[in-house]
Structures are given as structure tokens and as C-alpha cells.
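User: Got a minute to go through this one with me? I have a few quick questions.

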Amino acid sequence: LALTATGRNGWTLLHQDASAGSAATVAILLEAGADPKAAADNGVPPRELAEVLGWHDVAKLLASPSKG
């Protein structure tokens with residue numbers, strides 16, 4: 001599955017894992033090059049989704065992803 005692939009409602013893998021609160025998986029996806037700014041069909045990026053759901057550690061990862 002490509003990192004840019006979208007599913008229902010335009011969600012990427014980052015959206016799915018951000019909504020689940022999976023910080024470890026989000027970190028791996030970011031390291032692999034997933035776009036933390038990719039918006040779903042409703043315009044919501046993964047970071048905002050994590051914040052709304054109370055996954056603050058995930059939101060922090062998505063706010064300042066490290067490259068490399």
C-alpha cells in the first residue's frame with residue numbers, strides 16, 4: 001500500500017493511525033516519507049484529527065516530524 005493512498009473519506013495511513021493513537025506507527029510512517037499535511041476529503045490533516053481525539057503525543061509527532 002502506497003503512503004499516499006487514500007481510503008474512505010480520503011484518509012491516508014497517517015489519518016488511520018493518528019485516529020487510533022498509534023504513536024509508534026505514526027513515527028514509522030513519517031520516517032518512511034508519509035505527508036503529515038495531507039488532508040482528508042473534509043480538509044482535516046492527521047494532526048488535527050489526533051488533537052481532537054486527545055492523542056497529544058501523536059499530534060506532537062505530526063506537528064514537527066523529523067526527516068532522516
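User: Start with backbone angles. Which residue follows helix 2, and is its phi positive or negative?
Analyst: Gly 33 follows helix 2, and its phi is positive, near 105 degrees. Keep in mind that this is a predicted model.

User: Which residue has a positive phi although it is not a glycine?
Analyst: Asn 9, with a phi of about 65 degrees. Most residues other than glycine have a negative phi.

User: Where is Asn 9?
Analyst: Asn 9 sits in the segment before helix 1. Asn 9 counts as partly exposed because its relative accessibility is 43%.

User: Staying in that segment, what about Thr 6: buried or exposed?
Analyst: Thr 6 is also placed before helix 1. Its relative accessibility is 53%, so Thr 6 counts as exposed.

User: What is Thr 6 in contact with, neighbours within four places in sequence aside?
Analyst: Trp 11 and Thr 12. There is also a long-sequence pair to note: Thr 6 and Ala 40 are 34 residues apart in sequence, with 8.2 Å between their C-alpha atoms.

User: On to helix packing. At what angle do helix 1 and helix 2 cross?
Analyst: Roughly 160 degrees. Helix 1 covers residues 13–20 and helix 2 covers residues 23–31, and their axes come within 8 Å. Angles over 145 degrees count as roughly antiparallel, so helix 1 and helix 2 are roughly antiparallel to each other.

User: Left-handed or right-handed crossing?
Analyst: The crossing of helix 1 and helix 2 is left-handed.

User: Which residues meet there?
Analyst: From helix 1, Leu 13, Leu 14, Asp 17 and Ala 18. From helix 2, Thr 25, Val 26, Leu 29 and Leu 30. The residues of this contact divide into six nonpolar, one polar and one charged.

User: And helix 2 with helix 4, parallel or antiparallel?
Analyst: Their axes cross at roughly 10 degrees and come within 9 Å. Angles under 35 degrees count as roughly parallel, so helix 2 and helix 4 are roughly parallel to each other.

User: What residues make up that contact?
Analyst: Helix 2 brings Ala 23, Val 26, Ala 27 and Leu 30. Helix 4 brings Asp 57, Val 58, Leu 61 and Leu 62. The split is seven nonpolar, no polar and one charged.

User: Zoom in on Ala 23. What does it touch, not counting residues up to four places away?
Analyst: Ala 23 touches Asp 57, Val 58 and Leu 61. Its relative accessible area is 22%, so Ala 23 is partly exposed. The C-alpha atoms of Ala 23 and Leu 62 are separated by 9.4 Å, and these residues are 39 apart along the chain.

User: Which residues are buried in helix 2?
Analyst: Val 26, Leu 29 and Leu 30. Down the axis of helix 2, these buried residues fall within an arc of 100 degrees, so they line one face of the helix. Helix 1 and helix 4 are among what covers them.

User: What about the other side of helix 2? Which residues are exposed?
Analyst: Ala 24 and Ile 28 are exposed there. Ala 24 has a relative accessible area of 55%. Between the C-alpha atoms of Ala 24 and Leu 61 the separation is 9.8 Å, with their places 37 residues apart along the chain.

User: Now helix 4. Which residues are buried there?
Analyst: Helix 4 runs over residues 56–63, and Val 58, Ala 59 and Leu 62 are buried in it. These residues line one face of helix 4, because they fall within an arc of 100 degrees seen down its axis. On the other side, His 56, Lys 60 and Ala 63 are exposed.

User: What do the buried residues of helix 4 pack against?
Analyst: Helix 1, helix 2 and helix 3, the last of these being 46–52.

User: Last one. Where is Ala 32?
Analyst: Ala 32 is in the loop between helix 2 and helix 3. At 52% relative accessibility, Ala 32 counts as exposed. From Ala 32 to Ala 18 it is 14 residues in sequence and 15 Å in space, C-alpha to C-alpha.

Notes
Residues are numbered from 1 along each chain as its sequence is written. This is a predicted model: local features need pLDDT of at least 70, side-chain atom pairs count only at pLDDT 80 or more; totals for chains, interfaces and linings use all residues. Side-chain values use heavy atoms; hydrogens and water are left out. Axes are lines fitted to C-alpha atoms, for helices over the stretch in contact, and angles run from 0 to 180 degrees between N-to-C directions. Helices (H or I, at least four residues) and strands (E, at least two) are DSSP runs, numbered from the N terminus. Angles under 35 degrees count as roughly parallel, over 145 as roughly antiparallel, 65 to 115 as roughly perpendicular and the rest as oblique. A crossing is left-handed if the near helix is turned anticlockwise from the far one by less than a right angle, and right-handed if clockwise. Contact means heavy atoms within 4.5 Å. Ala, Val, Leu, Ile, Met, Phe, Trp, Tyr, Cys and Pro count as nonpolar, Asp, Glu, Lys and Arg as charged, and the others, Gly among them, as polar. Buried means under 20% relative accessible area, exposed over 50%, partly exposed in between (1.4 Å probe, protein chains only). The arc is that of the directions from the helix axis to the C-beta atoms.
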